[in-house]
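Trainee: Could you take me through how the labels on this model are justified?
Mentor: Let us look at it together, setting each value against its cut-off.

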Amino acid sequence: MAQNHHKDKPDVLPPDHGSQPPEEGLVLARHIYPGQLPILPFQQRPLFPKMTVPIHLDDPAIVKMVMDTAQSSARFLGAVLARESVPLAEDARVTGAHLHDVGVIAEIVQVSQLPPPQGIGVILNVLDRFRITGIVQEKPYIVAKVEHVIESEMVDNPELKAYSIAVIKTIKELIQLNPLHKEELNLFMSRSNLHEPGRLADFSAALTTASGPELQEILATLSIRDRLRKALVLLKKEIDVSKIQAQIGKQIEEKVTKQQRDYFLREQLKAIKKELGLAKEGKEAEVEKFMERLAKLKLTEEARRRVDEELDKIKLLEPASPEYHVSHTYLDWLTSLPWGVLTQDRLDLVKAERVLSRDHFGLDDVKDRILEFLAVGIMKGRMTGSILCFVGPPGVGKTSIGQSIARSMGRQFYRFSVGGIRDEAEIKGHRRTYIGALPGKFIQTMKLSQSANPVIMLDEIDKIGASYQGDPASALLEVLDPEQNRDFLDHYLDVRFDLSNVFFVCTANQTDTIPRPLLDRMEVITLSGYILEEKLQIAKRYLVPKQMKEHGIAGGRLSISPPAMRAIIDGYAREPGVRSLDKCIRKIMRKSVKRMVKDPRLVVKVDAKDVKGYLGNPPFAEETLYAQPRIGVMTGLAWTSMGGATLHIEAAAVAADKSGYKQTGQLGAVMVESSEIAYTHVRAMLNRDAKAREFFEKRFIHLHVPAGATPKDGPSAGITMAAALYSLVKNKAPRKGLAMTGELSLTGRVMPIGGLKEKTIAAKRAKVKTLIFPADNRHDWDDLPAHIRRGVQAHFVRTFDEVVRLTFA
């Protein structure tokens, strides 16, 4: 028995320079394997024995090594896979430490010089394996000491034969899935047979798309049985990948086939319709669509001429032309606008008043102005445009009343905010020369509302901006001018459009930031906010039912008593609007719903004593007067962004060598001036009184306005400060339950103030019964609703002497 015929491990030749493969017969000189080889490193995949491989090289050091080797008598080099840890930087070089131990010896068959800087093309005939035993040199290229591994033929080994048959069967299965490998298999089968299982294992591994480390493991496996088993595993993985690829390819092919089929069917359907006269070409259909739109519109003469010009142009242009799309979009805008299309106005004053009263409580002056406008329209038989501007703090209903106006008139409503707009083109549109040009907001609104007389609300007009791109506020001058907006010219349309029938409603929190020319074009209506009684009615009629519906609470399961609602408004929601009140009601609803879910039969009743448990500690303290009037302390009235408030102004004196005066309480510049005017006037007024004169000369007087952390400013506390100083000097306490407000001049005149309504409400909240106002504010008092004036006695004064008589009588 020939023992070497059944072994599955190859012969290993020592690293002798003259070693040669154990072949019978003559040995050619070129087949003598050297003990040292120049190494050609590979990065992706290793090479396998008994294969011819073309490669491309461009590294100068490697190219030189290959050229030198090709010109030598022994044209051998070593091909070894570098490990994955090799650095990938361009200037990094592979060293001996980066190489795997097992590589292959290859003979250079042909070298082709490529045009610079492409390097060279080399054809290698790969022969056998070798194992690196040491590194001889690293630069300029690697030279390694090797021992060669020569495989013997394996015959009459049933196990290896079975493995070989399984490998070939698997390769055939792979070829059915991937026909690209068919030529390689035919070439291999013509040159080898089952008596070369090692070569079969190498070939099958090379067929796969396995990673470099996996293929290197095959190359480094010297046991043919183990090599066949590992190659079989790689083939099975490759079959699985090929099946997935085939499935993906099939899905894509089916999708593409369906799309092609649908395309052909659509084209056939289009041709059939064209033959039967059922459909027109795309361009003809578009022109017909525009003509149908124009038949329903009443274009101006200018617009008609422009439309005819564009229609003639679009008939001559090809649909693929860029100019065609520009003209098509322009015509689409022109024919989509409501030229001469007006909504039928509801000329019913009673019904309009009913709608306004149903949607809003209070705001009588606003409702009267709207009803006056409707009455004029009824008298004329038609309504023209108008421009209103609602000015007031947040949450008083400025935006919602615009919707009520549209409903009461039966018109379309469109709202957009101009707050923060910094580009003039937002108002007047872009010129058509720009890519992506569009008309301005007003023309877009006309298209959306499909009516030439909608109600358009311009929200936050006091927050409109300006930049290098233009001044939008100036662009609005044309829109909001009744004499100009009948010929409004948008840059995109370049055709005049009539906006004179539009009802414009603007909203703002203040008029200070609105440009004066723009403000002059609008009729300003001030919404000062709601008083406690009005908030009570709003909560009862609107807010509570709305929140009960939104929280899914059935009627009767939750109720908020009037005292509880008063406590909420006074302690948690003092701002002029009702947003904070709505949030408080929402919070109570949420907490109540949580309890109801736990106890389905629970009925919640919220009283004043329960409010703190739902909403926490109130942010606003209760405003009260001193139990007894005090010398040097006067109660004043102030206006704040949250409404009105009471101020207790205090004056005190300290003995000193000379007179002095200071004021504290974070007072603004205007308020400091008012306090100094008050000090000078009182001192001048009492100059004839020797006792008072001595008081001033030997006292340092300090005036303080609590609370010290709150900034304050304004002239309306002048008479209050003067009265506090007068009380201190004359050592007299003021009348009980009295408060005042008014600006004081240096000669003692009492000048008018603003915010009388809010200040009166604050006084009533603090249970003040007597108020002193400037005489010039009497008309403001007369305009107040009766329920605000009820229970308050107002005195109107022109001089500080009258203030003294009323305060210290």
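**Salt bridges, burial and surface patches**

Mentor: In this predicted model, Glu310, Lys313, Glu323 and Arg432 are linked in a network of salt bridges.

Trainee: How many salt bridges are there by this rule?
Mentor: The count comes to 31 salt bridges, and a pair is included if a side-chain nitrogen of Lys or Arg lies within 4 Å of a carboxyl oxygen of Asp or Glu.

Trainee: Why is the contact of Lys50 with Asp128 called a salt bridge?
Mentor: The closest N and O atoms of Lys50 and Asp128 are 2.8 Å apart, and the rule asks for a separation within 4 Å, so the pair is called a salt bridge. The two residues belong to distant parts of the chain, 78 residues apart, with Lys50 in the loop between strand 2 (36–42) and strand 3 (52–57) and Asp128 in strand 6 (residues 120–137).

Trainee: What makes Asp128 buried or exposed?
Mentor: Asp128 has a relative accessible area of 10%, and buried means under 20%, so Asp128 is buried. Lys50, with a relative accessible area of 40%, falls between the limits of 20% and 50% and is therefore partly exposed.

Trainee: How do you know that Arg306 forms a salt bridge with Asp494?
Mentor: The closest N and O atoms of Arg306 and Asp494 are given as 4.0 Å apart, and the pair is listed as a salt bridge under a rule that asks for within 4 Å. Arg306 lies in helix 8 (residues 301–316) and Asp494 in the loop between strand 11 (488–489) and strand 12 (496–497), so this salt bridge ties together parts that are 188 residues apart in sequence.

Trainee: Why is Arg306 called buried?
Mentor: The relative accessible area of Arg306 is 19%, which is under the 20% that sets the limit for buried, so the label applies. Asp494, at 35%, is partly exposed because its value lies between 20% and 50%.

Trainee: What separates Asp226 and Arg229 along helix 6?
Mentor: They are 3 residues apart in helix 6 (residues 224–276), and therefore separated by about one helical turn. An α-helix has 3.6 residues a turn, so residues three or four places apart point the same way. The closest N and O atoms of Asp226 and Arg229 are 2.4 Å apart, and since the cut-off is 4 Å, the pair is a salt bridge.

Trainee: Which residues make the negative patch, and where does its largest share come from?
Mentor: Glu353, Asp364, Asp365, Asp368 and Glu372 gather in this surface patch of negative charge, and the largest share, 4 residues, comes from helix 11 (residues 364–380). Glu372, which is found in helix 11, has a relative accessible area of 47%; a patch residue needs over 30%, so Glu372 passes that limit.

Trainee: What makes Lys598 exposed?
Mentor: Lys598 has 68% relative accessibility, and exposed means over 50%, so the label follows. Lys598 lies in helix 19 (residues 579–598) and forms a positive surface patch with Lys587, Arg590, Lys591 and Lys594.

Trainee: Which residues form the nonpolar patch?
Mentor: Ile244, Ile248, Ile252 and Val256 form it, with about 340 Å² of accessible area together. Val256 lies in helix 6, and its relative accessible area of 35% is over the 30% needed, so Val256 meets the accessibility condition for a patch.

Definitions and conventions
Residues are numbered from 1 along each chain as its sequence is written. This is a predicted model: local features need pLDDT of at least 70, side-chain atom pairs count only at pLDDT 80 or more; totals for chains, interfaces and linings use all residues. Side-chain values use heavy atoms; hydrogens and water are left out. Buried means under 20% relative accessible area, exposed over 50%, partly exposed in between (1.4 Å probe, protein chains only). Patches are made of residues with over 30% relative accessible area and no salt bridge: like charges are joined within 9 Å, nonpolar side chains (Val, Leu, Ile, Met, Phe, Trp, Tyr) within 5 Å. Accessible areas come from the Shrake-Rupley method with a 1.4 Å probe; for residues, only the protein chains shown count as cover. Lys and Arg count as positive and Asp and Glu as negative; His and the chain ends are not counted. The place of a charge is taken as NZ of Lys, CZ of Arg, CG of Asp or CD of Glu.
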